[in-house]
Each structure stands twice: as structure tokens, then as C-alpha cells.
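Open the model in your viewer and set it to cartoon display. The stops below go from a set of strands to a helix.

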Amino acid sequence: MNTPSSSGTNNSSQTQAAAVRLDILRGDFHDNEYPKNYSSTASRSSLQTKLSHEESTCEKLEANYVADEISKCIICKKVGTNLLSCEGLQNGREGRACISRFHKECILKYNDGGFNARYAALPECQNLLLCPLHCCHDCNKSGFKQSAYKGDLLECHLCFRAFHEATCLPSGSKVYPVEWNDDQSEKTRMIVCPSHVTPKQWKHVEKQFPRAITVCHKCSESNKKHPLIDCKTCPRVFHSRCIPIKKVDSQGIDKERCDFCLENGVIRVNSPVLVKFGRKFYLGLTRPPSLYPNQEKNELRKIGMSVVQWPLHNNTMSVVPIRNMVQLDRNYLKMARDLNEMDEWKKQIDEFKKREEFPKLYKEVAKEISRSIPYRMSTLPTFTMTIVDSDCGCHGKADCSTEDCSYRNAVLECPPTCSSGKRCKNRFVSNGKMHPGIERRATDDRGYGVFAAEDIKNETDLVEYVGEVIDEEEKNKRMEIINVSGDLEASRYNMRMKKVHFYMDSTRAGNIARYLNHSCDPNAEVLEVGGAVQDVEKKKEEQVFNISRKYADKSSPKKTEEKVIPKKRKRQPKVPWTPTKKARLE
């Protein structure tokens, strides 16, 4: 299982943090105004670092925490008695609690890179109150808000940004070995991210870029209807109406800078880029500094300088400022000089999209339960049905395993008064059973799945799908939380119970049935009584069920809707029932 980059939970975290999480869970969900009111990245005043030289070419950081600054909020830099502790552990320092502390209102408003502490604190995400150092800045900004908290992260020692080293390291950054001057002289690594390029390095950059980009980097349209504005700190051009940022730290914005520069955006290593030379742009690929043949080059040691490989020029390499490049995407295809160049640009874009860039997700339910529980309801919902008698048509002579049983024929379980007694095989859900031959395992591409550990006969009950029983209003609220968060990796576990018009949601609480995956070629079915029925006899085959669901095609901007029909048991005509009883939907 992947755990958060913090490697787990801070055992000494204050009870206040848990109370805040509960308050967030029960309260209304609000966004933190990203990107409309953008919060610039906070500086790390509590961390003191010193650059030293081991050898003529080897630099390292000596680090320690400043005791007086630890007691301050990491965002507003003020002290207070109501500071909360981050519930994570330090990156790269196993077992050591994160020292970040913050005010509730400060951490909930902070949104650099789309960071959202309110969403991270919910069971839908991490179920922990965390600071930004446990969230990959690039993954999170790209909408992959589950992967952002998984795997090993490298922190910037100057600000509260962190990145996956293997996949998300920003071009123009520099990695340093770190030696800690505290009670445990550990050795870790940190970076200086390119957001700390000093203004002197791009002071008159606007003079270097006579207009060559002809389309807005947000909408890809030209200036026919709306005038294009040249960004004064990068080669991009934009329409003022396309900039989503209206304020930075609650202050007005510089209207001559694009949103990428206002946010101090980054371009990750191994990305296709367009690099400006003279009045032309050339296709390049950002590469890690370790691949550059001349490691002694002075420019390579500067923050904000990136190694670029030229695929159309014998894969030679150069060191160029990150301010001279833009990320290549389909918005810029119009700028290609001919069809061959356009085809090469498309090829690089497609290859970039195919990369494996995120850790594999194996997300576990926050709370394991064996029976469904009502959420903010005194009892589970009920419906009214009529039954003939306690014999259910079997008259105590059968075990209720065939369609001769009136209840089984109506896809209902027998009541406790069934005359078959202990022989009755139609009380699987009522008795809280689970087939012993199924188990949860990790899949290669779908997270966890449920597999048969032994041969299982057709028409065998497997497990009850349990979770929180919620009403329509609560279901809509939970769906809105995911929509507002912008999480592209969020899972939806709602099952609609048609007979009582409620929903079974195993997002926050559930059992092994939560890990059953969808398939267009199912070997199991879903029945409203709560059981899944297998229809194959193959050992070690994953159990999947077929449901109607909407999917987004990741390889295309278009969305497709896939409609499938679950397999159903063959039903016989219902037996007329006269007496009326209330029965609880199990």
C-alpha cells in the first residue's frame, strides 16, 4: 500500500487537529478561491540552511530548525495558542514528526499550486490535516490529488513546495545533499525550486522577446477578436479575459504578466518545450542536469537554467534559461512552420502523455465496517412489502436455494421466521456472511481488486456491499465536494437503492466489496439485496461487476458515456401476497 509522503501519521499530533478534521467532515465544503485569489508560496523561516563546499565542485546544505520560529504559523508567521500541528512525518526522515504548525484559517485559505488542506483532511483524499510539504506541487496542480500525496518527495528548502523527484522535478531546480545539525545527524536531500530565480536574472527579459507566439497560451486563439498581451517575464502571450487569477495574496495583480508567471509556474524535467532563439521557436526536451556531457559548465550550476535536448538536431544538448521556454501543448501546433514539424510536435506531445508519471494508487477505506450504518439518520431506511407466510413457498422441505422460494424469486432474502430454519440458504446478507474464497489483491492498473482464491460455483453469493446509508441531499453534497476539488483521481462508490430511494456510499466506510472493479465483460452481478453473484468457475480470477457509469477518455479531450446492462437472474411470476409487514433493507 502507498502511504502519504509523510510515511504515515504523526502519533503526537494534537487532538485539535482531529477535531478540525471532524468539523470539516460535518460542515459545508467550501473551495479556497483557487486560482481566483491566489496565495503565493510561503517561505520557510523555521528552517535554517547554510551552503557549504565539500570539494571544489560538490555543494551541500547544512540544516537545522530554528526553535523560535517553530512556534509560529508557517503561513502568517505569527504566534498563537490556537496553532494546529501537521499530522504528517518529515520527508526523508523516517519516524520524525513534521514540525509545521498553522492557524486553521491560514491553512484552509492557502492554495499555492491548488493545495487544498480542507479536501486533504477528508476521507475522500488523505483523512489527515497536512501542510503543503506532503503534497507534490506539480501533481496537485495537474489535478492528480491522490497521487500528489504518495511516494517520496523532495522539499524546497526555501519555500513550502515539494515534488516527486523521479517524475515531477522542475526544470531549472537544483538538488543538494543535506546534513542535519540536530540530535540525529541524518543525511537527506532538498532542492531549490526555480520559483526563487532572482529578479536580476530576468530584469529586462521583455526586451528579448519580440512577439513570435501568435496564440493565447490558455485558449489558443489569436488576436482577431481580442488583443493579445505580451507577458513581460516570459515568451507567452495571453488575453486579459483568459487569466483566471484576479488577486495575489488579496492584492491586485500585474496585468502585464501571464498566470504562469504570477504563480511562479514550473515545467517538469523530460517535458516537450518550445525554446526561443532569436525570432524563432525550436522543439526541445527538458532533461535532468546529470545527462549533460559537460558537468563543469558554470551555467549548469545556476538556479533557473535547464538542460534542453534538441530532437530535430541530432539530440544535441544546451543549457538555456527556463524563462526562454514554454511547455509544448496542442495550443501551439498552429505555430509549426510546416507539416513535418507539426507531426514531430504532435509525436512529442503524445509520448509525453503516455509516460508513467504518478505512483500507483492503492487506496484503502478510512473505516472498515461489516454492516451498513446510517449517516445522520436514527435508523436504516425501510420499505413495505407483502408476504404470504413464513413458509415462503418451501414449506420447510427445501433450503430456499432455488427459484421455488418466493423470496428468492423476488430477489429478496427470507425473513427470520422462514420455516426452513437453519437450512435456509437465502439469508446470506441478513446473517452478515462473506464467501471465504475471495480476497483483496493489488492489480497492475486499477488499484485494489477482489479475486477468487479458490474455485467458486455459479450463482454463489459472495459478499454484501456495505457502507454509509445516505439520502439524496448528502449524496449530492459529496459529489459536489469532488467536483469543487478538481480531483481527477477521485473514486465514486455510490450505490443507489431503488426500493427505498437512498444511497449506499462506501467512500468513507465499507468492506471488501468496495474494491470490486467494473468490467465490460463481468463475471459477477449486483443484486439489491446486497450480494454479488459469480457466474464463472475459474480459480484466482478477479471478481468484477457490471454497472452503468460515465467515464472521461484520458487520451482525448472528448468525454464518452458507456452504458452497460447488469446480468439478471431469470425470474418467475410473483406469488400473490396479502399480509403486510415492514422489512428492513439489509
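This is a predicted model. Begin at the hairpin of E13 and E14, where two residues lie between the strands. Select Gly278 there: its phi is positive, near 65°.

Now show the two strands themselves, E13 at residues 272–277 and E14 at residues 280–287. They run antiparallel and are joined by six bridges. To see one pairing, pick Lys276, whose bridge partner in E14 is Phe281.

Next, add strand E15, residues 305–310. E14 and E15 also run antiparallel, with three bridges between them. Select Thr286 and look across to its bridge partner in E15, Val308.

Move on to helix H10, residues 472–485. Its 14 residues reach 20 Å from the first C-alpha to the last, close to the 20 Å expected at 1.5 Å a residue.

Which residues of H10 are buried? Select Glu474, Lys475, Arg478, Met479, Ile481, Ile482 and Ser485. Turn the view to look down the axis of H10: these buried residues fall within an arc of 145°, so they line one face of the helix. An α-helix has 3.6 residues a turn, so residues three or four places apart point the same way.

Rotate to the face of H10 turned away from the buried side, and the exposed residues Glu473 and Asn483 appear.

Then show what covers the buried residues of H10, including helix H4 (117–120) and strand E24 (468–470). Strands E25 (494–497) and E26 (502–505) are also part of this cover.

Finish just past the helix: H10 is followed by Gly486, which has a positive phi near 70°.

Definitions and conventions: Residues are numbered from 1 along each chain as its sequence is written. This is a predicted model: local features need pLDDT of at least 70, side-chain atom pairs count only at pLDDT 80 or more; totals for chains, interfaces and linings use all residues. Side-chain values use heavy atoms; hydrogens and water are left out. Two strands pair if DSSP finds at least two bridges between them. Helices (H or I, at least four residues) and strands (E, at least two) are DSSP runs, numbered from the N terminus. The expected span of a helix is 1.5 Å times one less than its number of residues. Buried means under 20% relative accessible area, exposed over 50%, partly exposed in between (1.4 Å probe, protein chains only). The arc is that of the directions from the helix axis to the C-beta atoms. Contact means heavy atoms within 4.5 Å.
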